[in-house]
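Here are my notes on the model, set out as numbered points. Please read them with the structure open beside you.

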Amino acid sequence: MIFTSGSTGRPKAVSVTHRGLANLAADIREKYELDSRSVVMHCASTSFDTSVVEMLAPALFGASSVICPPETVGGFELEDLICRHAVTHLLVTPSALATLAPERVPGLKFLIVGGEKLPHELMRRWAPFVRVRSAYGPTEATCSVTITDALNVDDRVTLGRLMHGVEAVVLDASLEPLSTGAAGELYLSGPGLARGYEGGAGETAARFVASTLSAGHRMFRSGDRVRWTDDAQLEFLGRTDDQVKVRGRRIELGEIDSVLYGHPSVEFATTLVRDLANGSPALVSYVKLHSGILDSDASIERLLTQKLPEYMVPVVVIRIDAVPLTTNKKVDRGALPAPTFERRESVRVATPIESRIIRTYEEVLRATEIGHSDSFFDLGGDSLSATRVIGRLNADFGINLGFRDLFDSPSAAALASSFGQHVGWVPPLEQAVDASTPLLSPAQEYIGRELTSPALYNLPFTIRVRGRLDHDALASAVQDVMVRHETLRTVYPDVAGSPRPLVVNPDRIPRGLQVVEGNSSDAESIVHQTLSRGFDVRSEIPIRLIVCAYGRDDHLLAAVVHHIAADGWSLAILARDLSVAYEARARNTHPTWPETAVRYSDYAMWRAEILGAQEAPTDLAVGQLEHWAAVLDGAPSEISLPLDHTRPSMWTFGAGRVEFLVDPETHRGLTTSAKRAETGMFTVVHAVLTATLSALSGDHDIIIGSPVAGRGHPKLDDLVGMFVNTLVLRTRVDVSADFDSLVAECRRVELLAHDHSDVQFERLVDYLDPPRHASLHPFFQVAMSFENFPAAVLESDGLTFEVTPRPLDIAKCDLHFHFAEVFDETGELAGIEAALVYSADLFDAATATLFAKTLSATADALVRSPDAPLLALDTRS
């Protein structure tokens, strides 16, 4: 019977046979460099496995053994004992070794370091003075299973090579063997394998599993993450239980410790996860400084911020006078002092730059009392609001912040500290003095101008008006809005063979509104025809409206705008301006509103200036096209979804719709996932959809298309126009990873995509020229939209205006998922409304319904088991 030497203070009794001792003895003879004159220090309790080695080593050579008193655990006491008894060989943990100084033990010749990962800096301190080897092995495999050669100062510290009789394999979460360089869990087998845990049948069954190496044998699941090196050594990457998650980020605590050991004043370092007062986890580091060092707190914190990303920087570094050790010389984590978490930043006055960032957060998020350390995403930020924040800060400070910068530094303090890295020239967005030659914007260039059936570019919506309505005042208000926003009165004829925007003079805008009785038999048909009939914007103004009167105090304004003139965000602006104009016209006055900061034609010229001629290597567009060429290199041309019908030779755009709800409990779970990852709900839903598509198709290379708002400047916030682009989000799915890992990967993919979103998707298709098929959407066949436009319910002069999108079911790709968060009257999460628009050319309604149910089941499974490998999740609907 022998005991594990863990640092939790609760060792487990292990039943170990003598079968592995012969192999252990053979390695001691070869690697420990002993003879009869050697003196071996015996430090471990005889109940722990290290004591077996400490007894066996001197016995094999007739060497001397010095018994260390149990009260001597390190420091000056252990150094004195080593010197008084001329100890030459010491088996020691890194924690205990860190309390010793090589200069004070000149007679020591040989170190075997094990029990914990040997920090490189600690090895470098000792290697010039003594022979140092690192050994590794759990009690459950008879003490040691690997050992290194003698280490030199510049050597990489590994676990070493396998010892005699040891068999090992590195497996993934599906128990599949991994190749050299791939990270996985270490499994051990061989004659040294223990029988199991005394009195712990359940734990024995969990850790001692059927061998994948040899039928009828067992192997031990070590819990250690490792990988094979090219020279057949094992490299330790951390414990599976030490790879912690803080705010959704996977963190190796050893990486933080390595940085701390890099500080010249630090003698010992360890990092733990402690809970804050609100229950959320936080990183806490403990350091012991070399003797004589009085004050290095500031330089240690500065080193951490320089070497580590923000999410890995401990919230506090606690200095300790002595390293608490267990009887087996490992760090006694339970004895480390509990931290007191004081919000030091709360008493610091924000800098001017931080104050401006905070004000921008408050304006965009409509929040108050934001601190300079508060995360933008904890405050409710998402991809769309992030775009607006970045645009405002770039305009205010004349810098070129990118999407990634806000995601990597979400607090005002962190973002402000990065400003110096983003100084760059961005042309100002201003009203042009000479707009005699207006241009199409990049978003407009690829939109069809001719009449199509079905109407591929219609943006239909309705405005429900409740209250006593003045029809003439409404007609005048519509005229006012069309005058204010020039895209609503622009046509696009061909001029010299090319499309050219032509803004129609306000005097030539048709006046008056058609009014139909809502209770008439043909009212619904007239409304439908109004919304679904296309435009020929080469000669036709791109907006059409009709009023349906259901009663004296209940009217429906049915409107449709061609996409060349507006996007989804524009709908709220239209409703707001219409209510302002109506209020004025109902009182027989003109609306008094500030002039828009710029016109859409100014935006088109500004975008052209930013993108450049798209010819020189220095042009922004050229660099982004090259980025996308690399991202999409080798991308699959089609997702392998099960089809009900063969892909047709011609696409009909015929569609069906399935509506469903992600329940409130799952909604709350997804929100928690987003907060852990410091990201928005879009990213988490993107991850859910990616996992769903991977499960449905069996593919692990998933590409999804998604629209992006494109309003990257504050002067565009109040402008009606078409600014949208489409991003291609390519995500590699590792089915052995868990949900948080997938969210992190989706986040990375999105950040890269947003930082290269200036080039229009259609321009990208032209440039890369993938194989074309009339019924196959290029690069992606599945799209997703997250409806996070501001609610447009307005009151004016006793009337309520409520704008509602009325999308036409037209299939532009195989599947298009639409999502919108729902909140109850108190603001609490109430679920996610979802709709799947599917191609009727490819799918039946039953299959589309199955897809929707699978997504809901996947979301629920991911929330319930965020740590489980994706492969292990039950996503059956």
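1. The largest cavity holds about 140 Å³ of space. It is one of seven cavities of 30 Å³ or more in the structure. Please keep in mind that this is a predicted model.

2. Which residues are closest to the centre of the largest cavity? They are Ala-141, Ser-144, His-164, Val-166 and Gly-192, out of 18 residues that line the cavity. Helix α1 (21-31) and strand β11 (184-189) each supply at least two residues of this lining. The largest share comes from α1, with three residues.

3. One open sheet has seven strands in the order β4-β3-β5-β6-β7-β8-β9, and its pairing is mixed. At the edges are β4 (64-67) and β9 (161-162), each of which pairs on one side only. Within this sheet, β6 (residues 110-113) and β7 (residues 131-136) are parallel and are paired over four bridges. To find this pairing on screen, start from Val-113, whose bridge partner in β7 is Ser-134.

4. Another open sheet is built from six strands, ordered β29-β36-β35-β32-β30-β31, again with mixed pairing. Why is one side of β29 (655-662) and of β31 (725-732) left without a neighbour in the sheet? Both strands stand at the edges and have a single partner strand each, so there is no neighbour on the other side. On average, neighbouring strands of this sheet are turned by 25° against each other, with direction ignored.

5. In the six-stranded sheet, β35 (residues 815-823) and β36 (residues 829-839) run antiparallel and are joined by eight bridges. One pair to look for is Glu-821 with its bridge partner Ile-832 in β36.

6. A helix, α20 (residues 681-697), lies across five strands: β30 (701-708), β31, β32 (782-786), β35 and β36. The helix runs at about 145° to β30.

7. The structure holds 38 salt bridges. One of them joins the side chains of Asp-567 and Arg-711, at 3.0 Å from N to O. Asp-567 is in the loop between β28 (554-562) and α16 (568-586), while Arg-711 is in the loop between β30 and β31, so this pair ties together parts that are 144 residues apart in sequence. Are these two residues buried or exposed? Both Asp-567 and Arg-711 are buried.

8. Other salt bridges join a buried residue to a partly exposed one. The side chains of Glu-235 and Arg-227 meet at 3.2 Å, N to O. Glu-235 has a relative accessible area of 15%, and this counts as buried because the cut-off is under 20%. Arg-227, at 28% relative accessibility, is partly exposed.

9. Glu-638 and Arg-647 form a further salt bridge, in which the closest N and O atoms are 2.9 Å apart. Here the acidic residue, Glu-638, is partly exposed at 32% relative accessibility, whereas Arg-647 is buried at 15%. Salt bridges can also share partners: Glu-363, Arg-388, Arg-392 and Asp-717 are joined into one network in this way.

How values were computed. Residues numbered from 1 in each chain as written. Predicted model: local features only at pLDDT ≥ 70, side-chain atom pairs only at ≥ 80, totals over all residues. Heavy atoms only, no water. Pairing = 2+ DSSP bridges. Axes fitted to C-alpha atoms, helices over the stretch in contact; angles between N-to-C directions. Contact = heavy atoms within 4.5 Å. Salt bridge = Lys/Arg side-chain N within 4 Å of Asp/Glu carboxyl O. Buried < 20%, exposed > 50% of the residue type's maximum accessible area, 1.4 Å probe, protein only. 1 Å grid on protein atoms, 1.4 Å probe; cavity = no way out; pocket = protein on both sides within 12 Å on 5 of 7 lines; lining within 4 Å. Points joined across faces, edges and corners; volume = space filled by probe spheres on them.
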